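Got the viewer open? Here is a tour, one selection at a time, with a note on what to look for at each stop.

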Amino acid sequence: MHQSRHFLRTLAAGPSSHRLAASRPLASTRHRRHYAEGVQASTLERQGLSIDAAEPSEGWLWVDSVFPVRLGAWDIRSYIGYAREETLLERLRSLLSRVKSHEFQVLSLEPHGKDGGVFVKFKYSAQERDSALQSILHELRESVHSHGGVPSWCGLSTGEVWLVKGKPWREDMDRYATPILKVAFEGPDIPEESLYGLLRPYGVISNISPPSPAPAGVLRAATVNFRRLRSATTARNTVHAVQVPLSPNGQTITTLRTSYQKPIAAHAVRDYVTSHPKLFLPVLFFLIGTVTYTIFDPIRVLMVEGKMEDWFDYRQSAVFKWLRKNTFDRFSFASTDSDVPLGSEGVWKERQDAEEALEKYLTDLPSTICFVHGPQGSGKTRMLSSLLKEQGRKAMVIDVGELSKAGSDSALVSGLANQTGYWPVFSFLNSVNNLIDLASVGVIGQKAGLSSSLTDQLKQILDVVGKGLSRVNVSHHKQRERRAKDAQLREVRAREDEALREKIEQGLWHDGRIDALCGNGVMSELGVGVERFTYADADVRQSPAVQAESTDEKEKAAEGQKQLDGAKQQQQRADEVQNIESMPVVIIKNFDSKGGGARKEELLNVLAQWAASLADGQVAHVIVVSDNRENVKRIARALPSKPLNQVSLSDADNASAISFVQQKLKDSGVDVKFTQQQLAYIDRLGGRASDLESLIHKVRSGLTVEEAVDDIVVRGVSELRKNAFGDDIEDAKNLPWTREQAWILMKQLSKQPEISYHDVLMDFPFKGDEMPLRNMEHAELISIGTINGRPSTIRPGKPVYKYVFERLVQDPTFQATQDIAFNEKVIASSNATVQACETELVTLKDVDAGTSSWLGSNSAVEARASYLLKKMRAAQRKIDALERENAQLKKVLAKTKN
């Protein structure tokens, strides 16, 4: 304590001329220099400064903020300082050379760019060194500040001139400046208050940490935390290697060694994480989830809303529509009748009923789900598109068929996100999260919980999509209210304008501003105090008859007010209908459980639950489209408390199909009367909407009905050969059924409209395998009818396929090729049966030889042998018959080649 008081007295004993200076340029630095800045004589003597007045002395200055303080190897600001180094040093030299007191002379300028300053070596002559140095420092600061301040790399003069108390140390190691200064004591420790008094003039100190015990040979050091980086760099370069006396006689001296210390050691965070994984990892994952929820989810909701509103679809922009209308559409000869509804007036009553049911659902609050089902090609998608376009409704379409083609969970998630507008999506993160979970099991003994199942990922996407749809609903409602208010305001203004126009026509309207211009009334110069304009001042006096008419007009006005109130109520009801019609529509297409495996089952379950939640919350109208009525059960389970709105579409009967074709052709300007032969050809299409539309387009193109139907059949034959049999043998191997299985079905269905499901299933080449039949149904080659929920019959996939099968079977070359291939398979199977029977007969011979006759074994062996022989004879007869048939078929092929 005695030593610290002695040091403070020594600091205070110096001249105080610098504290008496009150010049304005130094006011900006006075808050850092209100403590003693005196340099002690004893200190200067130990620095090698001469006391002899006859000899000039040398010293050092530190000028800070000339260059940017380099914070790391990545800091590119230092290159700006290097580029301006010569200019800055020349300017600084000229500023410092203005001082001439005590024969002050600048010897050299040595930049220390890493700490952002410049060391200035100078010489001077004086007897009283302390007072001379303080006087020089004071004049230097005054001169610098009076001429614009210290030159800086950025143009802002914030630097200051300091006297170096220690020895300059210009090192170029990778030790970059920080606000924390480590002060090592080469000698006894300096008291904390003494260290504070020495370093406080350079800036505000946040904390001083006392020295900690150090091993032998290592200097004890205190840590000083400055509030500003500039203060730390100034202290580092001015007090390094300064010698501080700790005793009154100056015999005990401590030399200070300064260096920067990083705020946090590079390995501190790593060590904490590795030593506390059970605490750190859950907190980290929670923070990541929070950031994801608070940052990305609002963006995703906005992107979903943008997809519904077509913000990002250039085809909906006014510029694109104008360009298309005035360029492409003018030269396009494509027919525009494709948007005409299928159910025209008086035509196809079943389709009209379906459209009316669907329209009724869309004009009511969505308290349930609308389930639209019908065979493929029956016009479900076309009907929905035309109805939504007619009402001006926007829909979000989720195609389950496209999503079921995804080969992995991440592809399925990405596909759903793309269809709903959910962005950004990080589907690859689930694989990374699975790896993290595996790693966390080894580190903390349990999973981190980052990975999520496919169901959870799909639910997360659909929950965000639901929020986006809610925002669309709210925004549409606000737009409707805004338009209604604007319309009401326009109506009020129109009534006011009309009333004002009537008053002007009757001479009952008076503008007070006219009095100010014409000099009428009191204080007319100011435009105030205008006399009231009454009916007596009107241009035309009202007679009693006119007054009576006015009374009648009042009564009429009262009746009109009642009518207006009724109109307002009607307007409110209309607004409610408009609010319902402005709700978004969600269409889930191809809602079918055929094919896709477990991944598709999860998708269908999640979509069903999500659709039910949208209907319960009255967020949007939900329409589920499926080819099979059986899929309604999944939707019904998701919404058990409310009945579903089911809309059924089917193929038109013969009369409706003919009427539909006639009406469409008449609308396009083709008035035809069909003959009996043409009616029979139209009947081949079976009322399937897609085939009827194709027929109409072909007849419009100039073909006859017979030619158009034949063309449809021929096109079906080409498609069937490719889709059912493959282009070649390699392509056929990739089909989920064999050529023989497809051929036997087509051959049988070409002879009769339907065949028994179980007879086909049990016979060759299916042998009890149902998967090929299900796959062919999914490919629309066949359709499987059910009775009480079980498969019963097999029919062609489309009505026209019956004639396609006939045309295919009647091709002699193709028939011979397929029959030969089928017969070869049957012959191989029969040969296998014969060989199996022969092997078993040999075995029975050994059994018969080894048993006694009185045990009755002869009769059992004979019975089994007789059965095997009959089976062998049947198989052999089949082989012989098929061999003869193949020989005949090969002759047919030979004739065809010739």
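Before the first click, a bit of vocabulary: two strands pair if DSSP finds at least two bridges between them. Helices (H or I, at least four residues) and strands (E, at least two) are DSSP runs, numbered from the N terminus. The model is predicted, so local features need pLDDT of at least 70 and side-chain atom pairs count only at pLDDT 80 or more, while totals for chains, interfaces and linings use all residues. Residues are numbered from 1 along each chain as its sequence is written, and side-chain values use heavy atoms, with hydrogens and water left out.

**Stop 1: the antiparallel sheet**

Select β2 (residues 105-112) and β3 (residues 117-124), an antiparallel pair held over 7 bridges. Pick V106 and look across: F122 of β3 stands opposite. Now go to the turn. The hairpin of β2 and β3 has 4 residues between the strands, and there G116 takes a positive phi near 80°.

Add β1 (residues 57-63), which pairs with β3 in the antiparallel sense, also over 7 bridges. Which residue of β3 is the bridge partner of W60? Click on K121.

Widen the selection to the whole open sheet: 4 strands in the order β2-β3-β1-β4, with antiparallel pairing. β2 and β4 (161-163) are the edge strands, each pairing on one side only. From one strand to the next, the twist averages 30°.

Next, bring in the helices that pack on this sheet. For angles here, axes are lines fitted to C-alpha atoms (for helices, over the stretch in contact), and angles run from 0 to 180 degrees between N-to-C directions. Contact means heavy atoms within 4.5 Å. Helix α6 (residues 129-146) touches β1, β3 and β4, and its direction makes about 170° with that of β4. Helix α8 (residues 229-238) touches β1, β2, β3 and β4, with its direction at about 165° to that of β1.

**Stop 2: the parallel sheet**

Select the open sheet of 5 strands, ordered β11-β12-β13-β10-β14 with parallel pairing. Its edge strands are β11 (395-399) and β14 (645-648), each paired on one side only. Neighbouring strands are turned by 20° against each other on average, direction ignored. Zoom in on β11 and β12 (residues 585-589): they run parallel and are joined by 5 bridges. A395 has V585 of β12 as its bridge partner.

**Stop 3: two helices side by side**

Show α15 (residues 409-420) and α17 (residues 454-506), whose axes are 10 Å apart at an angle of about 10°. That makes the two helices roughly parallel, a label for angles under 35 degrees. From α15, the contact takes in D409, L412, V413, L416, A417 and T420; from α17, L454, Q457, L458, I461, L462 and V465.

**Stop 4: the largest pocket**

Finish with the largest pocket, which holds about 970 Å³ of space. On a 1 Å grid over the protein atoms alone, a pocket is an open set of points where a 1.4 Å probe fits, with protein on both sides within 12 Å along at least five of seven lines; lining residues have an atom within 4 Å of a point. Grid points are joined across faces, edges and corners, and the volume is the space filled by probe spheres set on the points. Select D627, N628, E777, S783 and I784, the closest to the centre among the 37 lining residues. Then colour α21 (632-638), α29 (771-778), β16 (782-787) and β17 (790-796), the elements that give two or more residues to the lining. The largest share, 5 residues, comes from β16.

Methods
Angles under 35 degrees count as roughly parallel, over 145 as roughly antiparallel, 65 to 115 as roughly perpendicular and the rest as oblique.
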